[in-house]
Amino acid sequence: MEERPQWGPEAWGSVEGRPAPRAARTGPSLSSVLNELPSAATLRYRGPGVLPWGAEEAEDEEAWGSMQTSADAAHEEQPEPGASRELPWPMAARRAHRERLARDRVAQGAGATGAQWTRLIRRSKEKVREGLRSLQPWAWTLKRIGGQFGAGTESYFSLLRFLLLLNVLASVLTACMVLLPTWLEGTPPGPPAPNASSPCGSYNPGSHGLVTFATELFNLLSGEGFLEWSPLFYGFYPPRPRLTITYLCAAFAIGLLYLLLILHRSVSGLKQTLLAESEALTRYSHRVFSAWNFGLSGEVHVRLRQRLILYELQVELEEARVRRKAAVRTLGQQARLWSVRLLVNLVVLALLGAAFYGVYWATKTTVELQNKPLIQRTPVLKLVVDYLPSIFISVVNFVLPPVFKLIAPLEGYTRSRQIVFILLRTVSLRLVSLLVLLVSLWSKITCGGDAEDNKCKTCRYNYQELPCWETRLGQEMYKLLLFDLLTGLAVILLIQFPRKLLCGLCPGALGRFARTQEFQVPDEVLGLIYAQTVVWVGSFFCPLLPLLNTVKFLLLFYLKKITLFSTCSPASRTFRASTVNFFFPLVLLLGLAISAVPVLYSIFLIPPSKLCGPFRGQSSIWVAIPESICKLPQMAQNFLFFLGTQAFAVPLLLISSILMAYTVALANSYGRLISELKRQIQTEAQNKVFLAQRAVALSSADRTL
């Protein structure tokens, strides 16, 4: 049996635990080995002014003996804590020792108390966090989806739950700040009389006389008739002083709530993304050695966790393969790839431009056809004309995203990067299409910005075609939301379920053609963001739109869940969930910013309708705020008006700039420190490899001897 090498002091040329004299050493000295370490090659790691390894090493046994004696003396000078009277010291020394021990006990007690409070606070935070996590709906459903279909699909349902929470909070604020004040001050008045007229024309909402069931159904789908003068739309609310303030403050409070919650989610997603995409965690060893949860109980939970780790490893392997392929490309291949990317982006821009022009044409045609006598007499034609912009937008959103998905692999990016580009192009299509629709409507409301036009000269808006333009905008957003829900139901019931049946019942070529479908995360996510952006735009003109969207998202969650488990299979190509967990809220912020533009434009620049709404008779919607401030005490007026002056804005801007510059400098210093620590970790790893190689070499040399 082969003897194992003994790693004693003799291996380094020493006797009895002490370095032998330099002349007596047969092998390499310790200083020479340490000087060959990779860390010894850089002064940045060891710091300036550090002498080479072994420069202060004792040259003979006397030096070693003196060092050992000094160490023993230092050890003896550190007595163990005990009674001072037992120490063979003078009285003054024992008194000083006793006082020092008393101070140490006090410091340790204070430190222990502080550590105890810190531990108590940390445990309380963990318990509160666990309690809030237990209150989250569908937690087990999301875990099951993540284990069976991957973290990317789980991120869609997590985003859907987050948007559902946003709409519930917005509905509660709307009920408290708009609906309650409306009825607390008395029953709202009815619609204007049919023969009532004013310099700005007449407004006759609602249906008059006998109404058939078909007409009522069409009114329900278009938001007209009995719904036009209801709490659903802006025109229903009466012009009461308190209601105008609460109505406007509700819009700003809901917008601020949206912004804060989305920013909080974006920051948490950004932390996960930076950690996942950095080299701080080794891509494979972290998942192999640290990803398992040893607190799992039950076979179902274990299988779900195994599948989740499997999907994460698949993502890492696929992205590593793409990066390895990109690293060996020649200059000609790089030029060919960039040419393909340029061509793909030109095609995307052409498709987006054609879609935007089509939305503008559909909106312009709808406004022109709505006043035709034939359209007014035929309910079906009127419904089709009313829904023409919504139909065109839905068709474009249904056709172009698969095209974007088809051409994305040609650009040679990783799967996660492909998802980001598909999302960017699809969100540009959806949100800019909505923006084109709004620009077309605003152009019609303001007569193309021409205040001298005959239709806008009297009331500063197109009162002849749009006597209550706020309600008209609310109806457009209502139709977009409703048509999006009907389109989703039609796709599920008429395409996805029949496709699953066809795949299962036809094993031949037809079944292979139908094949099992995968859950398309980018398309589904953009559908959610588009629907939420529609709600953000229309909630000022249709206050109950967040409540309708809550019902829609609740129905959509269960429909998508049933569709996922019954008709879809796990994705053949997965992607990194941390990337989309940051990118989804970022796209939400983009949708919130886009929706804020038309709402703020309406509040500050367009005159409100003279015949409907809580702001009727005002020169602008924002005028209600300064008028309310003027009714406050003089001190409160001076303070609030001071907040809008340059004397407050300029110092605030300077302080904000200083704080921002300090934050940026602090972040840069932390970044440099993190980079330095990463380099040190890499150097330590190289040291370990070098020492292991030297140990193997010495072991081989010992065997040969």
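This passage describes the fold, the nonpolar cores and the aromatic contacts of a predicted model.

A good place to start is the overall make-up of the chain. The predicted chain contains 23 helices and four strands. Of its 705 residues, 37% are buried. Contacts that reach far along the sequence are well represented: taking contacts between residues at least 6 apart in sequence, 75% join residues at least 24 apart. The surface exposed by the chain comes to about 40400 Å², and carbon and sulfur atoms supply 65% of that area.

The interior comes next. The largest nonpolar core is built from 69 residues. Within this core, L434, L437, W469, M477, L480, F540 and F615 are the residues with the most contacts. Eight helices each contribute at least two residues to the core, namely α8 (241-277), α11 (331-369), α14 (388-407), α15 (415-445), α16 (469-505), α18 (521-538), α20 (577-604) and α21 (624-630). Another core, of 41 residues, lies apart from the largest one and includes F149, A170, L526 and L589. Back in the largest core, W469 deserves a closer look. Beyond its neighbours within four places in sequence, W469 touches I445 and Y461 on one side of the numbering, and F541, S602, I606, P607, P608 and S609 on the other.

Aromatic rings offer a second view of the interior. The chain holds 21 aromatic pairs. One of them joins Y247 and F615, whose ring centres are 6.0 Å apart with the planes at 80 degrees, so the arrangement is edge-to-face. This pair brings together distant parts of the chain, with Y247 in helix α8 and F615 in the loop between α20 and α21, 368 residues apart. Both partners are shielded: Y247 counts as buried because its relative accessibility is 3%, under the 20% limit, and F615 counts as buried because its value is 0%. Ring pairs also connect Y247 and F615 to a wider cluster, in which W183, W229, Y234, F236, Y237, W469, F540 and F541 take part as well. W469, F540 and F615 thus appear both in this cluster and among the residues with the most contacts in the largest core.

Rings also meet charges in this model. The charged end of R144 is placed over the ring of F565, at 4.2 Å from the ring centre. In a second case, R341 has its charged end over the ring of W338, 4.9 Å from the centre.

Helix α23 (residues 646-704) can be followed from end to end. Its 59 residues span 86 Å from the first C-alpha to the last, close to the 87 Å expected at 1.5 Å a residue. Along α23, the buried residues include E676, T683, N687, F690 and S699.

Two partly exposed residues round off the picture. S566 lies in helix α19 (residues 545-567) and is partly exposed because its relative accessible area is 30%. Neighbours within four places in sequence aside, S566 is in contact with F497 and K500. The C-alpha atoms of S566 and K500 are separated by 8.2 Å, although the two residues are 66 apart along the chain. E216, in helix α7 (residues 213-222), counts as partly exposed with a relative accessibility of 29%. Its C-alpha atom is separated by 8.0 Å from that of F226, ten residues away along the chain.

Key:
Residues numbered from 1 in each chain as written. Predicted model: local features only at pLDDT ≥ 70, side-chain atom pairs only at ≥ 80, totals over all residues. Heavy atoms only, no water. Core = buried A, V, L, I, M, F, W, Y, C linked by side-chain atoms within 4.5 Å. Buried < 20%, exposed > 50% of the residue type's maximum accessible area, 1.4 Å probe, protein only. Contact = heavy atoms within 4.5 Å. Areas by Shrake-Rupley, 256 points an atom, 1.4 Å probe, with all protein chains shown as cover. Expected span 1.5 Å × (residues − 1). Phe/Tyr/Trp six-rings, centres within 6.5 Å; stacked < 30°, edge-to-face > 60°. Lys NZ or Arg CZ within 6 Å of the ring centre and 35° of its normal.
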